Amino acid sequence: MEHILMLKSKFLPDVGLLEGKMGIVLAFAYLYRHTCNKTYYECMSELLDDVLEHVYKGLDVEFTSGFTGIGWGLEYLLQSGFVEGDGVEVC
């Protein structure tokens, strides 16, 4: 299943939490934590970069597909120790 996510996730147009790339970022973060497979971490990092590159001023504010969900997901990754940084600076 995770291999299908790796292949298809780059082509998703939605960057949101519920049906987009941010949700898949969280899935790969936990796959990495449970397996210690660096491939999952690399995929998570690439997708997170892609999410942050595709955030634009006109994006919805909704939790499921917009700024709120992406911000929550990013803060969750920071608080859980998956990535390092300052959430305020990134947002």
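Reader: Let's start with Thr39: how does its relative accessibility count, as buried, partly exposed or exposed?
Author: This is a predicted model, so keep that in mind throughout. Thr39 comes out at 39% relative accessibility. Buried would need under 20% and exposed over 50%, so Thr39 counts as partly exposed.

Reader: In which helix is Thr39 found?
Author: Helix H3 covers residues 38-53. Thr39 belongs to that stretch, so the helix you want is H3.

Reader: And what distance separates the C-alpha atoms of Thr39 and Phe28?
Author: Along the chain, Thr39 and Phe28 are 11 residues apart. In space, their C-alpha atoms are separated by 9.2 Å.

Reader: Sticking with helix H3, which residues form the negative surface patch?
Author: One member is Glu42, which lies in helix H3. To join a patch, a residue needs over 30% relative accessible area, and Glu42 has 47% relative accessibility, so it counts as partly exposed. The full set making up the negative patch is Glu42, Glu46, Asp49 and Glu53.

Reader: How many salt bridges does a search of the whole structure find?
Author: The side chains of Asp50 and Lys21 meet in one, at 2.3 Å from N to O. The cut-off is 4 Å, so that pair qualifies. Searching the whole structure gives a count of 1.

Reader: How many residues apart are Asp50 and Lys21?
Author: Asp50 sits in helix H3, while Lys21 sits in helix H2. The salt bridge between them links distant parts of the chain, with a separation of 29 residues.

Reader: Is Lys21 buried or exposed?
Author: Its partner Asp50 has a relative accessible area of 10%, which makes Asp50 buried. Lys21 is at 4% relative accessibility. Under 20% is the limit, so Lys21 counts as buried.

Reader: Now the cysteines: why is Cys36 without a bond to Cys43?
Author: A disulfide needs two cysteine sulfur atoms within 2.5 Å. The closest cysteine sulfur to that of Cys36 is in Cys43, and that is too far for a bond. Disulfides in the structure number 0, and for this pair the reason is a sulfur separation of 17 Å.

Reader: Which counts as exposed, Cys36 or Cys43?
Author: Cys43 has a relative accessible area of 13%, so Cys43 is buried. Cys36 is at 59% relative accessibility. With exposed meaning over 50%, the exposed one is Cys36.

Reader: What is phi of Cys36 near?
Author: Cys36 has its place in the loop between helix H2 (21-35) and H3. Its phi is positive, in a residue other than glycine. The value is near 60°.

Reader: Last one: what separates the C-alpha atoms of Phe63 and Gly81?
Author: Phe63 is in the loop between H3 and helix H4 (67-79). At 40% relative accessibility, Phe63 counts as partly exposed. Phe63 and Gly81 are 18 residues apart along the chain, and their C-alpha atoms are separated by 22 Å.

Technical notes: Residues numbered from 1 in each chain as written. Predicted model: local features only at pLDDT ≥ 70, side-chain atom pairs only at ≥ 80, totals over all residues. Heavy atoms only, no water. Patch = residues over 30% accessible without salt bridge, like charges linked within 9 Å, V, L, I, M, F, W, Y side chains within 5 Å. Areas by Shrake-Rupley, 256 points an atom, 1.4 Å probe, with all protein chains shown as cover. Lys, Arg positive; Asp, Glu negative; His and termini not counted. Charge placed at Lys NZ, Arg CZ, Asp CG, Glu CD. Helix = DSSP H or I, 4+ residues; strand = E, 2+ residues; numbered from the N terminus. Buried < 20%, exposed > 50% of the residue type's maximum accessible area, 1.4 Å probe, protein only.
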